[in-house]
Amino acid sequence: MAKKLPKTDVVIVGVGWAGGIIAAELTKKGLNCVGLERGKERKTEDYFMVHDELRYALRYELMQDLSRETITFRGNEKIRALPMRQYGSFLLGDGLGGSGVHWNGQTYRFLPYDFEIRSKTIERYGEKKIPKDMTIQDWGITYDELEPYFDKFEKMAGISGEENPLGGKRSSPYPTPPMKTTPVLEKFKKAATNLKLHPYNRPSANLSEAYTNPDGVSRAACQYCAYCERFGCEYGAKADPVVTVLPVAKKTGKFEIRTHSNVRRVLKTGNKATGVLYVDTTTGEEIEQPADIVVLTSYVFNNVRLLLQSGIGRPYDPKTGTGVIGKNYAYQVQKGSATGFFEKEEFNTFAGAGSLGMVIDDFNGDNFDHSNLNFIHGGSIAISQTGLRPISNNKVPKGTPLWGKEFKANSIKYANRTLSVGGQGSSMPFKHHYLDLDPTYKDEFGDPLIRITYDFEEQDRQLAKYLTDKCVEIMKEMGADQIDSMDELGPYDITTYQSTHNTGGVIMGADPNTSAVNNYMQMWDAENVFVIGATAFAHNGGYNPTGTVGALSYRAAEGILSYKQKGGILA
């Protein structure tokens with residue numbers, strides 16, 4: 001029998017960006033919060049002088065142990081899903097701070113078009129523009145309504161950047177100036193400007209200068225060491241929950257973090273949650289934590305899985321299109337890119353930072369005319385100087401043998417003579433893309449794994465080719481002597497890394513029949529349960545999702561405080 005603990009005001013499941021923001025905002029207002037994190041404790045000191053590419057980038061030190069819990073995947077319903085036994089397409093973070101510790105720090109705001117995508121698409125092109133099986137819908141909130149929360153997240157994190165000329169209107173400038181414009185970025189900027197495009201410095205959670213945020217948290221500037229993605233930041237220069245929001249929550253004395261706490265169920269009576277059941281993985285003991293409010297802030301797959309296992313919300317049925325939990329799973333189209341090889345120029349690409357880059361949005365969202373195109377939305381196009389670490393970077397021109405004397409010679413020749421321009425394409429949901437519980441495979445506790453049913457569609461193939469052509473055009477203008485690019489987008493391949501931008505499954509909206517949560521991330525079917533994260537995205541845009549997750553988290557915190565006072569479904 002599970003050990004039952006005293007009730008708390010709020011229990012938070014998963015202590016990453018969303019969980020940390022919720023904890024900070026609620027404890028500042030006097031609520032008692034318990035944060036349950038299934039991974040281990042983390043602190044900045046853990047990363048002092050640990051620039052170990054093998055340990056972190058290739059052996060996934062900060063990631064979930066797939067031998068204990070993983071996902072299963074199939075391209076369509078006719079295929080049996082199989083477990084992901086080793087990392088490929090995406091990485092699943094584990095430990096205090098979650099994916100917010102090992103991210104690159106690229107911090108965008110989704111475009112105004114994203115939040116009203118169905119309405120705006122029909123308004124401009126008519127309903128026939130949307131394929132029959134594509135299940136896009138408006139998010140139940142507009143960009144203008146969410147803008148103050150974007151602003152709050154950026155000021156907390158100290159985001160460094162400059163105004164996007166094709167983005168939504170801002171209420172204030174970025175709190176810190178953009179990062180350095182290196183010769184590589186300047187080359188892209190000049191080429192894009194020559195093509196009458198609109199380049200701007202990428203918004204970055206790697207601080208361009210020392211900064212103290214509104215909560216009084218001070219952090220140092222980025223050192224451009226090139227160890228961002230898959231690594232923790234030893235300087236605290238990269239905004240993450242451990243150095244920003246969690247210290248604020250702890251300082252109140254109202255927040256208790258319990259690591260090694262794997263939540264297996266949300267407990268409920270009627271249409272309300274009563275708490276959660278979790279396992280202390282250091283002892284194996286089952287523990288019940290009662291709470292007035294349950295907040296799920298884990299990763300996409302875990303949020304969906306917990307709701308399905310707990311019988312909360314209506315599971316999505318792809319045959320009828322009814323139900324909401326598991327609906328509108330989306331990913332990212334990362335295949336549109338061009339790699340240029342230069343015979344007479346060399347670049348210091350060994351140096352960099354996770355968010356150091358230059359971006360254009362001329363082909364993102366609905367910033368361009370889609371009338372004669374066989375896809376909707378688009379993607380951002382960027383050049384990144386994240387820093388080429390020695391093991392994982394070895395680009396050679398097409399036609400080079402995969403081993404031998406010529407391979408070695410070209411590896412050395414082009415080590416500092418290669419640049420890449422890449423497109424990050426949006427991902428639209430389809431009726432047959434969804435998440436559910438696998439009927440065969442289980443985790444170490446005997447609970448079913450989450451199953452992904454997903455593949456690229458014609459929408460994705462058309463978009464990827466379009467973005468590739470634009471990348472090639474820019475690379476030509478940059479003066480590359482040889483350009484390699486994608487010929488066509490094949491089937492989705494889960495074995496090759498693309499991005500950890502998984503979205504959907506507990507989507508937001510204005511209609512309980514087609515969405516799981518309202519625009520405060522409150523569940524329609526369980527009013528004291530809030531589900532926060534990229535699970536709420538009704539589709540995935542042409543950007544990294546973290547900035548939008550941060551904004552939604554601040555919006556949700558406001559809603560939770562209101563619910564605590566008044567109860568009921570928030571309007």
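Which residue in E16 stands opposite Val 359? In this predicted model, the residue opposite Val 359 is Ala 382 in E16.

**The six-strand sheet**

Val 359 falls within strand E15 (residues 357-360), which pairs with strand E16 (residues 379-384) in the antiparallel sense over four bridges. Both strands belong to an open sheet of six strands, ordered E6-E15-E16-E17-E14-E20 and paired antiparallel. Strand E6 (200-201) and strand E20 (482-485) form the edges of this sheet, each pairing on one side only.

Two helices that lie across strands of the sheet are listed below.

| Helix | Strands crossed | Approximate angle |
|---|---|---|
| H7 (residues 183-194) | E6, E15, E16 and E17 (418-425) | about 15° to E15 |
| H11 (residues 458-477) | E14 (337-341), E15, E16, E17 and E20 | about 150° to E17 |

Strands E15, E16 and E17 are thus among those that H7 lies across, and H11 lies across E15, E16 and E17 as well.

**Strand E4 and its partners**

Strand E4 (residues 71-74) pairs with strand E19 (residues 448-453) in the parallel sense, over four bridges. Within this pairing, Thr 453 of E19 stands opposite Arg 74. E4 is also joined by two bridges to strand E5 (residues 82-83), and these two strands run antiparallel. Here Leu 82 in E5 is the bridge partner of Phe 73.

In a regular strand, side chains alternate between the two faces of the sheet. In E4, Ile 71 and Phe 73 point one way, whereas Thr 72 and Arg 74 point the other way. All of these residues are buried, Arg 74 included.

Conventions:
Residues numbered from 1 in each chain as written. Predicted model: local features only at pLDDT ≥ 70, side-chain atom pairs only at ≥ 80, totals over all residues. Heavy atoms only, no water. Pairing = 2+ DSSP bridges. Contact = heavy atoms within 4.5 Å. Axes fitted to C-alpha atoms, helices over the stretch in contact; angles between N-to-C directions. Buried < 20%, exposed > 50% of the residue type's maximum accessible area, 1.4 Å probe, protein only.
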